[in-house]
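Student: I should like to work through this model by question and answer, with each term defined as it arises.

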Amino acid sequence: MADEHDEESARSAAFLDDWTSELQAGIDDKALAYYGPEAFRRWKTLPAMGRVPNADGVGRLTGACGDTIEISLTINADRIVTGAFFSDGCGASQVCASVAVELAMGASVEAAYDITDAEILAVLPGFPANETHCAFLAAEALRKALQDASQRSRS
């Protein structure tokens, strides 16, 4: 009797695993078609996601869409040495924030101030036009983090 129950449980678990895999594959196919291959690739990894402990500057901004992006940075000798982002928003916000951090890494504070939404979008060919506000939000959150670092260093 126990063997029959174990077999039934194994079949149920296998069914759920297969169903979950098929569902995820469908979601991935739709996301790839919508965001384009580069944004999709980045969305699947998001290497800069997180928060920098003891950051020199933190910038947090909520867009009109309701998404919030927070960027945290450490700066040494006027160069950005560590960066991370956190977002409660959609994949587009997360990808744009990740690209903003990537572009800022190793840059001087002055150069990082000049990172624009257009530069973020240039890294993401095929990004949907109705999601470009996420790049603006990411660039502004980066500037807020730099401003915060500047204010803290003067204190």
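Tutor: Let us begin with a term: a residue is buried under 20% relative accessible area, exposed over 50%, and partly exposed in between, with a 1.4 Å probe and protein chains only as cover. The model is predicted: local features need pLDDT of at least 70, side-chain atom pairs count only at pLDDT 80 or more, and totals for chains, interfaces and linings use all residues. Residues are numbered from 1 along each chain as its sequence is written, and side-chain values use heavy atoms, with hydrogens and water left out.

Student: Does glutamate 70 count as buried or exposed?

Tutor: The relative accessibility of glutamate 70 is 11%. The limit for the lowest class is under 20%, so glutamate 70 counts as buried.

Student: Which residue does glutamate 70 meet in a salt bridge?

Tutor: A salt bridge requires a side-chain nitrogen of Lys or Arg within 4 Å of a carboxyl oxygen of Asp or Glu. For glutamate 70 the N to O distance is 2.7 Å. The pair links distant parts of the chain, 19 residues apart, with glutamate 70 in strand S2 and its partner in the loop between H2 and S1. Helices (H or I, at least four residues) and strands (E, at least two) are DSSP runs, numbered from the N terminus. The partner is arginine 51.

Student: How many bridges join strand S1 to strand S2?

Tutor: Two strands pair if DSSP finds at least two bridges between them. S1 covers residues 57-62 and S2 residues 68-76, and the two run antiparallel; glycine 57 stands opposite leucine 73 in S2. In this hairpin, five residues lie between the strands, and glycine 66 takes a positive phi near 100°. The number of bridges joining S1 to S2 is six.

Student: Which residues of helix H2 are buried?

Tutor: Helix H2 comprises residues 37-45. Pro37 and Thr45 are exposed on the other side of H2. The buried residues are Ala39, Phe40 and Arg42.

Student: Why are they placed on the same side of H2?

Tutor: The arc is that of the directions from the helix axis to the C-beta atoms. The residues lie on the same side of H2 because they cover an arc of only 165°.

Student: Which residue of H2 meets aspartate 28 in a salt bridge?

Tutor: The N to O distance in this pair is 3.2 Å. Aspartate 28 lies in helix H1 and its partner in helix H2, so the pair ties together parts that are 16 residues apart in sequence. Aspartate 28 is buried, with a relative accessible area of 15%, whereas its partner is partly exposed at 44%. That partner is lysine 44.

Student: Which residue meets arginine 42 in a salt bridge at 2.6 Å?

Tutor: Arginine 42 lies in helix H2 and the partner in helix H3, so the pair ties together parts that are 60 residues apart in sequence. Arginine 42 is buried, at 10% relative accessibility, and the partner is partly exposed, at 41%. The partner is glutamate 102.

Student: How many of the 14 residues of H3 are buried?

Tutor: Helix H3 covers residues 91-104. Its buried residues include Gly91, Cys96 and Ala104. H3 is largely enclosed by the rest of the structure, because the number buried is 12.

Key: The expected span of a helix is 1.5 Å times one less than its number of residues.
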